[in-house]
Every structure is written in structure tokens, then in C-alpha cells.
Amino acid sequence: MVSRPRGRITAVLGPTNTGKTHLAIERMLGHASGIIGFPLRLLARENYDRALKAKGRGQVALVTGEEKIVPPGARYFFCTVESMPVDRPVDFLAIDEIQLAADPERGHVFTDRLLNPRGLEETMFLGAATIARLIRALVPEAEQVTRPRLSTLSYAGPRKVTRLPPRSAAVAFSAAGVYELAEVLRRQRGGTAVVLGALSPRTRNAQVGMFEAGEVDYLVATDAIGMGLNLSLDHVAFTRLVKFDGRHPRRLSPPEVAQIAGRAGRHMSNGTFGTTAELGPMEPELVEAVESHRFDPITGLYWRNSDLDFRSAAQLQRSLERRPPDPCLLRVREPDDQRALAALLHDPEAHKRAGTPEALRLLWEVCQIPDFRKILSDQHARLLGQVFRHLRDGEGRLPNDWVARQIARIDRDDGDIDTLVARIAHVRTWTYISHRADWLEAGAEWQERTRALEDKLSDALHARLTQRFVDRRAAALVRRLAEGGELIGALRSNGEVVVEGEFVGRLAGFRFELDPEVAGEDAKPLLAAARRVLASAVPARLRDLEVSPDGVFSLGKDGRILWQGAAVARLAPGPEVLKPAVQPLASDFLDGPARERLRRRLDTWLQGLLRRKLAPLYRLREAGLDGARLDGAGLNGTARGVAFQLAEALGCLPRSGFGGQLESLDKADRKALGDLGVRLGMTGVFLVDLLRSRTAPLRGLLWCVHAGRPAPELPPAKAKSFAVGAGLDPRLCQAMGFRRLGRDGGRLAIRADALERLAREARKLSRQGSFAATPALCRLIDAEEAELRAVLSGLGYQETTDDQGSRFETRAGRRGLKGKTAGKRRRGKPPAHSPFAKLRDLGLAEGRAKGRAKGQAK
């Protein structure tokens with residue numbers, strides 16, 4: 001380190017937005033040569049680009065840990081503080097943000113620049129006034145100049161995030177907090193730019209460029225916004241006043257709050273700062289300090305000895321731990337490079353390779369490789385150990401194939417935001433290594449390759465951030481509203497509603513479904529524009545529905561009527577189960593007459609659908625009402641009663657539901673009912689064609705609508721049986737043509753015609769003796785063997801076990817009835833324990849009340 005205490009030394013101090021950096025660059029470019037050190041690579045690059053325009057590419061150099069652009073005749077060097085070529089004699093030398101000498105992590109580097117390097121003609125320190133006393137103590141020859149802020153910074157109090165004014169920045173102190181805020185602003189305000197300390201300069205510039213160009217009106221950032229970003233901000237809102245400093249959470253100091261808040265109001269434009277409503281107001285003392293720029297002075301600067309002893313590892317470590325020479329100086333906490341050195345010296349192989357002063361100096365240079373990934377220290381130390389080993393074993397050069405493999409592992413631009421951030425941090429480490437030209441055979445080639453990879457990953461990261469946190473549609477609409485113009489909307493042929501060319505919702509049937517992304521106060525003008533469009537479009541849409549063919553209508557499982565796939569009405573209880581009411585769905589765009597037109601058209605379609613699907617039921621119902629018979633003769637009173645009751649029950653009833661009417665039917669009545677499709681079975685009475693017509697779900701839906709109940713999950717249309725869920729009403733099963741039969745109240749519902757076939761087959765088998773629950777019997781009702789056994793028990797058969805296994809037989813004393821006597825007994829009252837008595841009583845409890853009511857009606 002070369003110390004040249006000659007020339008003028010000036011400390012230009014003051015708050016943010018005082019023009020300090022601009023002054024220093026103007027002073028440097030007025031000299032024949034100069035170096036200026038910035039706290040961030042981004043700042044060095046930004047000011048380097050400006051100097052290029054003033055002095056030309058051949059005279060300006062950029063030197064950071066990851067970039068080195070040094071033309072042969074370069075005279076002006078823009079650097080990060082750590083990368084300053086302090087051994088180079090120049091006329092002018094400046095350090096920006098010198099108050100960072102009090103930073104626990106990097107402060108020792110700034111303190112070294114404060115104490116040691118000097119310009120031949122002029123040296124300038126730029127920073128906050130809080131360091132004035134220590135500069136006076138450590139550099140007494142420095143002239144101090146205080147500059148006032150060019151604009152006013154005032155406190156605006158707390159506000160909701162969604163009520164922040166345009167051109168605002170919301171500040172969080174973690175990536176997760178930034179993402180959460182950005183999501184809110186995307187939903188409510190159309191989007192936001194995002195700035196994190198982990199972003200590469202290229203990604204950060206792209207995000208800031210989006211904000212500066214007016215594509216978005218908001219920016220969400222960590223405290224990285226406090227330095228290196230000159231933005232057109234009007235307001236800064238803090239979401240928290242506590243940050244994690246790498247060791248533990250701590251409260252922001254007033255100067256840190258001021259550094260961040262000072263981003264608002266650049267140049268001569270005034271700015272405001274405040275908090276979010278969730279955080280609440282700032283303390284009055286903090287507000288007064290920030291507004292007046294008066295803070296407690298810094299009491300100490302971090303220092304580390306820069307005169308290192310490389311004669312041995314122990315002496316190197318002792319020289320790094322030397323005590324500060326002045327009470328104003330504090331020994332730095334063990335920084336990353338020192339921790340890496342200690343870790344490598346604990347490795348026997350690395351310690352052995354560092355046995356000479358030359359090797360030890362190389363080891364210390366390797367330890368300077370930054371840990372951009374902020375990963376666990378042992379992982380970073382392992383990488384440094386590999387670099388050191390290759391340099392020592394490879395005559396001071398890293399193997400090309402090893403470097404290529406390391407870089408190839410991260411040469412991917414897929415993944416989410418966090419994945420890309422991690423890859424960029426990793427490639428930055430290799431960019432730093434590539435600028436050690438003496439470590440690589442083709443340094444320039446590796447510099448170009450790592451730079452291209454960083455650009456590629458940065459562009460992908462910018463795209464991911466924009467995709468996730470910017471809704472260009474909403475952002476455009478918000479800007480149009482801010483301009484005070486009336487929004488123009490339109491309805492597309494596919495039902496999409498657009499406002500200013502942007503999708504805001506869909507007209508589904510006659511109901512407008514707002515896009516969930518449209519919310520907040522700004523949704524009101526969007527809805528107003530959409531309503532203007534729909535108010536004129538809906539009448540034409542209703543006319544289209546009225547003339548639509550029946551094929552474009554359908555009935556959903558939930559009882560809603562669909563037109564062209566969109567719900568327009570629902571079924572409601574009507575006067576009869578076969579006459580449900582049609583209730584148009586609520587719509588802001590249908591008045592009373594329009595709703596009635598819609599109802600009439602849908603009712604006409606619905607009645608046609610029911611008559612077509614349930615034709616056997618309608619024929620039976622009409623025969624029950626007027627007594628018409630297919631042969632022209634009329635049904636007598638008893639047959640009409642049976643037909644009417646069966647039609648009211650949607651085509652299926654247990655025999656017990658008719659009281660004694662069935663026994664009163666003569667041969668002509670039975671034939672007439674048979675001609676109408678009625679089967680008078682052992683287990684019940686039902687319409688055969690109806691049960692086979694796959695209309696069980698439709699009949700179940702009609703029953704649920706009439707009963708005012710939501711439709712449960714119904715069995716498939718072709719099912720012969722299904723397991724009964726808890727709480728399923730037996731009357732619903734009956735309406736679908738199923739009977740609940742089995743133990744514990746009936747765990748299985750069986751279609752009436754399938755149950756009839758099973759009952760007849762079981763009776764046939766029982767006449768020959770006991771019988772088994774065979775697969776053939778199972779297939780009759782599509783049931784498992786265990787289910788079949790429960791059904792047979794429900795039919796009145798007794799299960800026994802013998803050497804042939806499980807068997808079924810009639811109850812004791814009633815087995816094998818044959819001949820004329822048996823026939824007579826079947827016509828009379830069967831014995832109490834026989835299956836035939838069970839068949840007679842099947843469903844008696846569920847049908848007794850209804851049968852009694854029908855008998856009274858007759």
C-alpha cells in the first residue's frame with residue numbers, strides 16, 4: 001500500500017441528494033488522471049458509463065472484482081473500493097460513502113482508504129456528516145465542506161400498501177418480504193419492479209429501467225436501494241424498521257433510515273417517506289432526525305492491519321489480528337477472507353502447500369475470492385481449497401477442463417427466481433476468478449464466457465421477475481385511469497370482455513364473471529366499462545338463445561340448465577315432481593320481461609327433454625289421469641290408481657305401497673298395465689323400460705329438486721346396484737328405481753328389475769333345497785359375495801354352514817313347497833318366516849304412509 005500524504009485533502013459531507021458524487025467526478029475529470037472508489041459495482045459501472053461519454057473509451061477504465069476494462073492509455077479509473085489500484089500514482093483520488101468505514105463487514109477496507117492512499121494533487125472523501133468528527137481526528141489536515149440537500153424530505157405517515165402513490169418504493173428487508181409485497185402490488189396496481197441485493201447489475205438495471213420508463217409505477221426493494229440507485233422516486237415506504245444483519249435482528253439506525261428514505265426526491269424535486277399501515281407510524285424523534293438530517297456522530301471505525309507478514313502462517317494470522325493504533329479504531333470482526341484463511345490452514349494438505357512466503361501470499365489472494373452465494377462457510381472454503389491446490393500443483397494455473405466443468409454445471413437458464421439468483425451468484429465467483437489473468441491460460445476467453453453467462457442468466461431472471469410481478473394489462477389500465485380518460489370495452493364472440501384491449505372477464509350465459517386478477521378500487525371503472533358493453537350486447541344474446549335449436553341446451557348434474565356450455569338457469573321445486581320450475585340465474589343485465597322470455601324458452605326445452613327421456617313414465621301418468629288404454633278401452637278405477645301412484649313415484653314402488661290394490665286387479669287390468677310397461681313383481685312394481693333407459697340420475701335429480709335438497713353423487717346410469725352412503729334418503733333410491741336391502745338398514749341399493757331377477761332365481765333354487773351364493777347370483781345384481789349374502793338374508797333366506805360351506809335355505813318348516821298345495825298357499829297369506837312373507841313385507845315401513853294417503857285420495 002502506497003501512502004502519499006501530499007496535495008489537497010477535502011471531505012465533502014452531507015445527506016443524500018447533495019450532489020457530492022457529481023462534484024467528485026467533475027473534479028476528477030478536470031485532472032490529468034484519477035481514481036474513484038464506490039461501495040457498489042453497480043455505482044462504479046453507472047458512473048463509468050457516464051465518463052465514457054465525456055472522455056471516450058480509450059481514457060476510462062472500470063475495475064471491480066468481476067469486471068476489468070482497462071485500455072492501455074486509461075487515465076480515469078472507476079472502481080469498487082476493494083478493487084482500487086491504490087499503488088497506481090494519480091493526480092486525484094476519491095472515496096464515496098466514506099461513512100461505511102463504520103460498517104462491521106466492510107468497514108476496515110474503507111478505513112484503510114481513509115488513512116492510506118492519496119492523490120498527488122487532490123484527495124476527496126464523500127459521505128455523511130456523521131463521520132466528520134472521526135475524519136477530523138484521524139485526518140486532521142482534511143478540509144471539511146458541508147453540502148445541504150437539494151430538495152426537502154418530509155414525513156407522510158403510514159399508508160396501506162395498496163394506497164401508496166405512484167412513483168413509490170416499498171422497502172422490505174428479506175427476499176420473502178419483497179416477494180410478498182410485489183405480489184400484492186401486482187394484484188392491486190398492475191405490477192412492480194423488484195430490486196434485491198442479490199440481483200446482478202444487469203438484472204437490477206433492467207428492473208429499474210422498467211420503473212424509469214413508466215411501465216410500472218412501483219418498486220419493491222430491500223435496503224439495497226439505499227445506495228447506488230438514482231431514481232425518479234417521490235415516496236419511500238418502510239414495511240419494517242428491523243433487519244437481520246447477518247448475526248441477529250436489529251433495529252435500523254436513524255442514519256440508515258435516512259439513507260434509504262433519501263432515495264425519494266432527487267435533484268430539486270421534493271420527496272416524502274413513511275411506513276405501511278401494518279407497521280404503524282414512526283416515532284416522532286426518528287422523524288425529526290431524518291427530516292432535519294441530524295444524527296449522532298459515529299464513535300468508531302473498523303480497522304485491520306494492511307501491513308501483513310507472510311513469513312509463516314502463524315505470523316500472517318498474528319499480523320491480521322494486530323490491535324488498532326488509535327482509540328478511534330476498532331478491530332474488525334473476523335471477515336470472510338480471514339475465516340476462509342483459518343479454515344484452509346486447518347486443512348493439513350493446504351497448510352503443507354502454503355509452506356513458503358510465496359505460497360502463503362498466494363493462499364491469502366485465493367481467500368480474497370468473494371462468497372457471492374452466501375453459502376455455508378465450509379462449502380466456500382472447499383472451493384477455495386480446490387483453487388489453491390490447482391494453482392500450487394499446476395504451476396500457478398487452473399486446469400482448463402476443471403474450470404470448464406465448474407462453469408458448465410451452472411450454464412442453464414431454467415428454474416425459478418431463487419434458482420437463477422443462486423446461479424448468478426455462483427457465476428459471479430467465476431467471473432471474479434477469470435479476471436485473475438495470471439491464474440488462467442486463456443483469461444480473456446474465460447472473462448468473455450463468464451460475462452456472457454452472467455448476462456444470459458440475468459436476462460432470464462429479469463424475465464421471471466417481470467412474469468411473476470408485472471401484470472401489463474392492469475398496469476396499462478391503471479395508467480389510463482390516471483390520465484382521466486374513459487375506458488373503451490368490447491365483447492368478443494367467445495364471450496370474453498375486454499377493456500382497452502385487455503381481458504377483464506367473461507360473459508358466461510348472461511352472467512358477467514370478473515377476472516379474479518381485477519380487484520381493488522381500480523376495478524370500479526373497469527366494471528363500469530364492461531357494463532356499458534354488456535348492456536347493449538345482452539339483448540341480442542337473449543334473442544340468439546330464443547331461436548337456438550334444442551341441441552345446444554343441456555341439463556347439468558347439479559340441476560343447472562346450460563346453453564352453449566354456460567349456465568343460464570337452474571331447476572327449482574315445482575307443483576309436481578315431473579314439472580320442476582325453471583329459475584333463470586341472477587344477472588345484472590336481464591330485467592323482468594327478459595327473464596320471463598328466458599324462462600319460457602328453457603321451460604319449453606325442459607318439458608320436451610323430460611317427455612323424451614321419460615316417455616314410459618309420461619304414458620303411464622296420462623293413463624292414470626284419464627284412464628286411456630292402448631287398446632282404446634279405459635282402465636278401471638283400481639288400475640288407474642296403480643298407474644297414478646306408480647307415475648307419482650317415478651316408476652318404482654314396493655308392493656306394500658299399494659295396500660290391497662294389487663290383489664284387486666283382474667286379468668284385463670294386469671294386461672293393460674303390462675302393455676304400459678308395468679311389471680307386477682314379487683319384490684315390487686316398476687316400469688321395466690324406464691329402469692333400463694339409463695335415466696336413474698335424471699329421476700334422482702328431479703326428486704332432489706322437488707324435495708328442495710342438493711343432489712348428491714348419484715350412481716352411473718347403467719348401475720345395477722351401488723353402496724349406500726351415510727344419510728342417503730331411501731326415497732331418493734326409490735325414485736331412481738333402487739331398493740335398499742341388506743343388514744343394518746340396507747348398505748346396498750339394488751335396481752328393482754335386478755332385485756326381481758335375483759328373487760325369482762333364489763326362489764327357484766330354494767325349491768331344490770339349500771343353495772350357495774354363487775358368482776352367477778352375484779352377477780345378477782353386480783355385487784360382491786358378502787353383499788349378496790346380506791341381500792339374501794334381507795329377502796328372508798337363512799344362512800347356514802355345513803361341510804359344503806355357506807348355504808342359504810328357507811326358514812324352518814317352509815322348505816320345498818311344491819304342487820297345488822304350494823300354489824294355493826302362495827295365493828293366500830304366506831307363513832311368517834318364509835321368503836315370500838319377506839317379499840310381501842319388503843319396504844312396508846317406507847311405503848305404508850304413502851300408500852295410506854293414496855288410498856284416501858282414491
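This is a short presentation on the fold of one protein chain, given to the group by a single speaker.

Good morning. The structure shown above is a predicted model, and I shall go from the whole chain to particular strands and helices.

Let me start with the chain as a whole. Its secondary structure amounts to 31 helices and 34 strands. The chain has 858 residues, and 52% of these count as buried. As for its surface, the accessible area is about 39,100 Å², and 49% of that belongs to carbon and sulfur atoms. Consider next the contacts between residues at least 6 apart in sequence: 66% of them join residues at least 24 apart.

I turn now to a sheet. In what order do the strands of the open sheet of 8 strands lie? The order is E4-E3-E5-E2-E6-E7-E1-E8, and the pairing is mixed. Strand E4, residues 68-69, and strand E8 stand at the edges; each has a single partner strand, so one side of each is left without a neighbour in the sheet.

Within this sheet, please look at strand E1, which covers residues 8-13. E1 is mostly covered, with 5 of its 6 residues buried. Which strands does E1 pair with? One is strand E7, residues 122-127, which pairs with E1 in the parallel sense over 6 bridges. Here Leu13 of E1 has Gly127 in E7 as its bridge partner. Another is strand E8, residues 143-146, which runs parallel to E1 and is joined to it by 4 bridges. On that side, Thr10 has Glu143 of E8 as its bridge partner.

Elsewhere in the order we find strand E2, residues 34-38, and strand E6, residues 92-95; these run parallel and are joined by 4 bridges. Ile36 has Ala94 in E6 as its bridge partner.

My next example is strand E10, residues 168-171. A general point will help us here: in a regular strand, side chains alternate between the two faces of the sheet. In E10, Ser168 and Ala170 point one way, while Ala169 and Val171 point the other way. Are these residues buried or exposed? All of them are buried.

E10 also has parallel partners. Strand E12, residues 218-221, is joined to E10 by 4 bridges, and Ala170 stands opposite Val220 in E12. Strand E13, residues 235-238, pairs with E10 in the parallel sense, again over 4 bridges. There, Ser168 has His235 in E13 as its bridge partner.

Finally, I come to a pair of helices. The axes of helix H6, residues 201-212, and helix H16, residues 443-469, come within 8 Å and cross at roughly 35°. This crossing is right-handed. From H6, the residues that meet H16 are Pro201, Arg202, Thr203, Ala206, Gln207 and Met210. On the side of H16 they include Glu454, Asp455, Ser458 and Leu461. What kinds of residues make up the contact of H6 with H16? They divide into 5 nonpolar, 5 polar and 4 charged.

One residue of H6 deserves a closer look, namely Thr203. Why does Thr203 count as buried? Its relative accessibility is 0%, and buried means under 20%, so Thr203 meets the condition. Which residues does Thr203 touch, leaving aside its neighbours within four places in sequence? Thr203 is in contact with Ile424, Ser458, Leu461, His462 and Leu465. Among these, Ser458, Leu461, His462 and Leu465 are also listed in H16 where that helix meets H6.

Thank you for your attention.

Definitions and conventions
Residues are numbered from 1 along each chain as its sequence is written. This is a predicted model: local features need pLDDT of at least 70, side-chain atom pairs count only at pLDDT 80 or more; totals for chains, interfaces and linings use all residues. Side-chain values use heavy atoms; hydrogens and water are left out. Buried means under 20% relative accessible area, exposed over 50%, partly exposed in between (1.4 Å probe, protein chains only). Helices (H or I, at least four residues) and strands (E, at least two) are DSSP runs, numbered from the N terminus. Two strands pair if DSSP finds at least two bridges between them. Contact means heavy atoms within 4.5 Å. Axes are lines fitted to C-alpha atoms, for helices over the stretch in contact, and angles run from 0 to 180 degrees between N-to-C directions. A crossing is left-handed if the near helix is turned anticlockwise from the far one by less than a right angle, and right-handed if clockwise. Ala, Val, Leu, Ile, Met, Phe, Trp, Tyr, Cys and Pro count as nonpolar, Asp, Glu, Lys and Arg as charged, and the others, Gly among them, as polar. Accessible areas come from the Shrake-Rupley method with a 1.4 Å probe; for residues, only the protein chains shown count as cover.
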